[in-house]
Amino acid sequence: MVGVPDGQSRARAPADPDEPLGRPLLSLALASMMEEVRAHSGAVYLLAPDEPVLEMSVMAGLPRVFAAPWERVGLSAPIPVAEALRERRLVWVGGEEEMARRFPRVAMVLPYPFALVALPVATASQPYGAVFLTWPASHPTELSEREREHLRAGCERLALRLERAAREKRARPEPGPLAEPAPRGPAHTQGSAEAARMAARLPYGLCSLDLHGRVTYANPAAAELMGAEAGELLGTQLWVSVPWLNDPVYEDRYRAALISQHTTSFVALRPPGDWLSFRLYPSTTGLSVRISRARGVREPNRRPQRPEGPSRLVGIAQVLTLASALTEAVGAQDVVQLVADEIAPAVGSRALVVLASRAGRMHVLGHRGYPDAWVVERFDGMRLTERTPGAQVLRTGVPAFLESQEELERVYPRRRETPDGNAAWAYLPLIASGRPVGMLVLAYARPHPFPADERAVLTSLAGMIAQALERALLYDAKQRLAQGLQAALLPRSLTPPAGFETAARYLPATQGMDIGGDFYDLMPVHGMAAGVIGDVQGHNVTAAGLMGQLRTAVRAYTAVGQAPEEVLSSTNRLLIDLGSDLFASCLYLRLDQERGRVVMSRAGHPPPLLRRPDGRVRVLDLAGGPLLGIDTSASYPTTEIDFPPGSLLVLYTDGLVESPGTDFEEELAALGRRLSDAGDLPLDELADTLVRGNAPEGERLDDIALLLLRATW
């Protein structure tokens, strides 16, 4: 099971890293670690020599097909072994719920209760690979200190041996765990013969399966219930030799039993109308299966559709993990990265390019694996009428598989002049909603035959990628529109009045369209300066459009010479006249350099902060009125304060100090402390410091506007 046939004891890895390397190094090291911590399965990955990819070298304890989606794993993939090597630390996943939360792609393919640990195999200067081990769900939710020490020591010993092997250039491919041939009959011993006679007398069916699901024993009742000869079942998998069990649902129960080491069961219909109950009892060497007639089972209105030909869950697992990853792709660059992490390693591709077509020309969306970017980017903007494989595939929607450089040059002679360092290519059209949305090019380091089944798999994967890319391109287009609209509605730059320094920032909410209703502005007025900051409800185009109207209105009312309180009153009436259901907060100020004073009026807006020249910070509790858009008769009284040279005024919207689960007063006090500590910085640096003190960029629930004004006369 772990490098030695069943029936032999597992050998410990030698403690001395200088011991000769003639034995199967990886299998013995893995067996030793599994035995020391009583794990029931595990695997060793090694780094590929020329690419950031982990390749599975040895797996033990479970059939290797269980981990088929992760035979080759990109180092940046969100998979435990990749994270362990990437961050050079132990990664522990204590159960099914934690796996679903931290590594949803793994949980989707293996939705069973089990615990997993992954560790890096590396010296201080050189990474070599990673190891993972698993336990049934009965393992405690935390890894003990003894287990951690054993595993770390085992990985350190393995890394030293690999370092020595690399130094002496003695590393060589190593076979995986020895596969035990499927038995074709019971052992000829008195004990086993008596056990077989005893099982033959039982009225219900008994089967024994090895770790690969092959039948090693079946009593007569089991053969009769399944409608097959016992000799025909031996050495085969039930879902292969019994046609009505050829359903991935039943094979999934076998997988669940082995991985979780928990008893599982299912009910299956034997045509035409006999329902049988299967109960699976797992151990680390295989499964015992009890088969009996199921009672009280009625045939459902619709039976599950079973595949016509041989069906393997490993294929379904690969599709599931890819589908799970595709749901995480937001923009086109996410799709490119996903293909690089999930698909290219799985199919053995060394490099890839994702392209789209616009206005009859080819456009490169992204690429990976090309040291010289010009090799790919020279095709950006190429006409689709050019005689190149990429242009033809984008034009026709028909895939092209070129198995060697010779075939490429024969079909496309012009490519002889533009080599890219690869030796085989798959050009896959990405077709969604009945139209081509792009193309995926997979490049291989060596000549690569593309048999019919591989072409079918690649074409099917391209269909899934196409749907994700279509969504991503639409998202990117909406984001460009939203960001362009937001940029057009906010001032391109701020021209500070004489005697003042200014800085401003706008950050959109991270949920929604990257657009919102927060705004700011600064404008000259009759030898003085006026400033405004406001916040319209919402994070959408409607809020942004209304924000643009309000900002224009404030400018207009300022230009005709209205006083601060009149500016807000006029803007309030305008918002009500527009018939909008949205409200807005606003703070308007007038700067008078000659008098060293600031006059402010507020409409339901958070209070500004004033930092005095001595560094003390004060929250300005201003008089004011209600939000704009509520009451046509509302008034907005003003407050006048001293603003001597060296003073700093901070205007902001509520996104800077409000978030779920926080207290407004505490957040405002924290903002004041940051302002006091960093207030002497240049204003651009100070603006970045104040914004960074808010929630991390990936967690902003509201947009943020910030306007800083410092007196320098």
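These legends go with a set of close-up views of one predicted model.

In this predicted model, local features are given where pLDDT is at least 70 and side-chain atom pairs count only at pLDDT 80 or more, while totals for chains, interfaces and linings use all residues. Residues are numbered from 1 along each chain as its sequence is written, and side-chain values use heavy atoms, with hydrogens and water left out.

**View 1. Strand 11 with strands 7 and 10 as partners.** Helices (H or I, at least four residues) and strands (E, at least two) are DSSP runs, numbered from the N terminus, and two strands pair if DSSP finds at least two bridges between them. Strand 11 covers residues 286-293 and runs antiparallel to strand 7 (residues 205-209), with five bridges joining the two. To get your bearings there, find Leu206, which sits opposite Arg290. Strand 10 (residues 274-283) is also antiparallel to strand 11, this time through eight bridges. On that side, Leu276 has Arg293 as its bridge partner. Strands 10 and 11 make a hairpin, with two residues between them.

**View 2. A cis peptide bond between two prolines.** Pro271 and Pro272 are joined by a cis peptide bond, with omega at about 5°. Pro272 belongs to the loop that runs between strand 9 (264-270) and strand 10. For background, most peptide bonds are trans, and most residues other than glycine have a negative phi.

**View 3. Two loop residues with positive phi, Arg38 and Ala359.** Arg38 is not a glycine, yet its phi is positive, at about 55°. You'll find Arg38 in the loop between helix 1 (25-37) and strand 1 (41-47). Its relative accessible area is 71%, so Arg38 is exposed; here buried means under 20% relative accessible area, exposed over 50%, and partly exposed in between (1.4 Å probe, protein chains only). Ala359 also has a positive phi, near 55°, and is located in the loop between strand 12 (351-358) and strand 13 (361-368). With a relative accessible area of 81%, Ala359 is exposed too.

**View 4. Helix 2, mostly covered, and a salt-bridge network that includes Glu83.** Of the eight residues in helix 2 (residues 80-87), six are buried. These are Pro80, Val81, Ala82, Glu83, Ala84 and Leu85. Arg88, just after the helix, takes a positive phi of about 50°. Glu83 is also part of a network of salt bridges, along with Glu87, Arg89, Glu98 and Arg102. A salt bridge is a side-chain nitrogen of Lys or Arg within 4 Å of a carboxyl oxygen of Asp or Glu.

**View 5. Asn572 in helix 18 and its contacts.** Asn572 sits in helix 18 and is buried, with a relative accessible area of 0%. Contact means heavy atoms within 4.5 Å. Leaving aside neighbours within four places in sequence, Asn572 touches Leu627, Leu628, Gly629, Ile630, Asp631, Thr632, Ala634 and Tyr636. One of these contacts, Gly629, also turns up in a C-alpha to C-alpha distance: Gly579 and Gly629 are 50 residues apart in sequence and 8.9 Å apart in space. Gly579 lies in the loop between helix 18 (564-577) and strand 20 (584-592) and is exposed, at 54% relative accessible area.

**View 6. Salt bridge between Glu36 and Arg157.** The structure holds 24 salt bridges. In the one shown here, the closest N and O atoms of Glu36 and Arg157 are 3.9 Å apart. Glu36 is in helix 1 and Arg157 in helix 5 (residues 145-167), so the pair ties together parts that are 121 residues apart in sequence. Glu36 is buried at 15% relative accessible area, and Arg157 is buried at 18%.

**View 7. Salt bridge between Asp688 and Arg505.** Here the closest N and O atoms are 2.8 Å apart. The pair links distant parts of the chain, with Asp688 in helix 20 (residues 683-692) and Arg505 in strand 17 (residues 500-507), 183 residues apart. Asp688 counts as partly exposed, at 31% relative accessibility.

**View 8. Salt bridge between Glu640 and Arg597.** The side chains of Glu640 and Arg597 meet at 2.9 Å, N to O. Glu640 lies in strand 25 (residues 638-642) and Arg597 in strand 21 (residues 597-603), so the pair ties together parts 43 residues apart in sequence. Glu640 is partly exposed at 34%, and Arg597 is partly exposed at 21%.
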